[in-house]
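Hi everyone, thanks for making time today. I'd like to walk you through one model, and please stop me whenever you like.

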Amino acid sequence: MPTIGSALDRASARLNGHSARSDTEVLLRHVTGLSRTELLLKLDRELDQESSTTYYQLIDRFEAGEPLQYLTGHMEFYGLDFYVNRSVLIPRPETEIMVEKAIEIGKRYPTPIIADVGSGSGAVAVTLAKHLPQSRVIALDVSTAALEIARRNAARPECTNIEFIKSDLLGAVPDRHFDIICANLPYVPSAESQSNRFEPQLALDGGPDGLNAIHRLIRQMSSREDKPEWLLLEFGTGQAPAVKSILDKTFPGSQTEILRDFIPLDRISVTKL
Ligand SMILES: C[S@@+](CC[C@H](N)C(=O)[O-])C[C@H]1O[C@@H](n2cnc3c(N)ncnc32)[C@H](O)[C@@H]1O
């Protein structure tokens, strides 16, 4: 049987990237349930047959390109741990910028009502519900499988203020009042989204220019009698001018600020309607 140390050495040599050692450690910790310190203190301990087989299966999948987060089932977002599988997009750090802004705006309301359109794993909805305990958060997604994961992630004592609704954008909630709408919808142009083999196309593919879902959401909102006061949207590289132009045309008199991500690239629009 290999020892923990030799299993790590062998897998790191195979993966041979700059983060190979830490990635192999993450996978072996996942298989053994050991902390990093425990793992490093037990380098001479033998791995049992079952752990060894599972570990090398995960290494094979990782080598074939599957993201570490799907292999371990975990992703950290805004300091919280979220369960993820291939039914949902792996939450991205840049989405935390939208969440941070929504929390800042939400604090101005005694009891904000917030929609998270395209909720996926529920990372946005759960974070908002936790940091705005007086809020009511309505998590909407067209994917039944994603809603199941979001419900699982919301099963925390501090998240009793979330509702989950299967909906094509805002279609299932035509008469609900929202103070703030947040949406990280699919925005990758179809030609590019196909190269992502692991995350759901439903979460990525935004049509020829990537803006289908964002356009549709803005159109749906414009036809509602009761409009929210705030709309926060995440979008892709180079899409800021088109998004701002649709917002300006659809909501005359509104004001849109564009926030940048860590690169820094324009990534989030914050519109006061
Ligand atoms: C880019 S993912 C974002 C997931 C999550 N909000 C996050 O930030 O990690 C987009 C999500 O929108 C959902 N979606 C796609 N089209 C939709 C539609 N027409 N109505 C509602 N949700 C939709 C997908 O199922 C997916 O979960």
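I'll start with the overall layout, then go to the ligand, the cores and a few backbone details.

First, please keep in mind that this is a predicted model. The chain has 273 residues, and 37% of them are buried. Along the principal axes, the C-alpha trace spans about 70 × 40 × 30 Å. In secondary structure terms, we have twelve helices and nine strands. If you like contact statistics, here is one: among contacts with a separation of 6 or more, 63% join residues 24 or more positions apart.

How is the chain divided? There is domain 1, residues 4-65, and domain 2, residues 86-272. Their C-alpha centres lie 36 Å apart.

UniProt has something to say about both ends of this picture. An unreviewed entry lists residues 7-73 as "domain: Release factor glutamine methyltransferase N-terminal". That span is 72% helix and 0% strand, and its end C-alpha atoms are 21 Å apart. The annotation "domain: Methyltransferase small", also from an unreviewed entry, covers residues 114-192. Here the composition is 28% helix and 24% strand, with 31 Å between the end C-alpha atoms.

Now to the ligand. Which residues come nearest to it? Of the 24 residues around the ligand, those are G118, G120, V142, N184 and A203. Three elements give two or more residues to this shell: α7 (123-131), β4 (136-141) and α10 (201-204). And if you are thinking about the chemistry of the shell, it splits into 14 nonpolar, eight polar and two charged residues.

Let's move on to the packing. As a reminder, nonpolar side chains tend to be buried together in soluble globular proteins. In our model, the largest nonpolar core has 57 residues, and the members that touch the most others are A102, A125, L128, C182, I214 and L232. Helix α7 gives the most to this core, with six residues. So α7 is one to keep an eye on, because we met it a moment ago in the ligand shell. A second, separate core has twelve residues, including I4, A7, L47 and I59.

Let me pick out I214 for a closer look. Leaving aside residues up to four places away in sequence, I214 touches L185, Y187, L233, F235 and V243.

Last topic: the backbone. Most residues other than glycine have a negative phi, and most peptide bonds are trans. A few places here go the other way.

Take Y78, in the loop between β1 (74-77) and β2 (80-83). Its phi is positive, about 50°, although Y78 is not a glycine. L169 also has a positive phi, near 50°, and is found in the loop between β5 (162-166) and β6 (180-183).

Are these two residues buried or partly exposed? Y78 has 19 other C-beta atoms within 10 Å, so it counts as partly exposed, since being buried takes 20 or more. L169 has 23 C-beta neighbours inside 10 Å and therefore counts as buried.

Finally, the peptide bond from I263 to P264 is cis, with omega near 10°. You'll find P264 in the loop between β8 (255-260) and β9 (266-272).

That's my tour, and I'm happy to take your questions.

Note on methods. Residues numbered from 1 in each chain as written. Predicted model: local features only at pLDDT ≥ 70, side-chain atom pairs only at ≥ 80, totals over all residues. Near = placed C-beta within 6 Å. Helix = DSSP H or I, 4+ residues; strand = E, 2+ residues; numbered from the N terminus. Nonpolar A, V, L, I, M, F, W, Y, C, P; charged D, E, K, R; others polar. Domains from an automatic or database assignment. UniProt positions renumbered as here; feature names shortened; annotations may be inferred. Core = buried A, V, L, I, M, F, W, Y, C linked by C-beta atoms within 7 Å. Contact = placed C-beta atoms within 7 Å.
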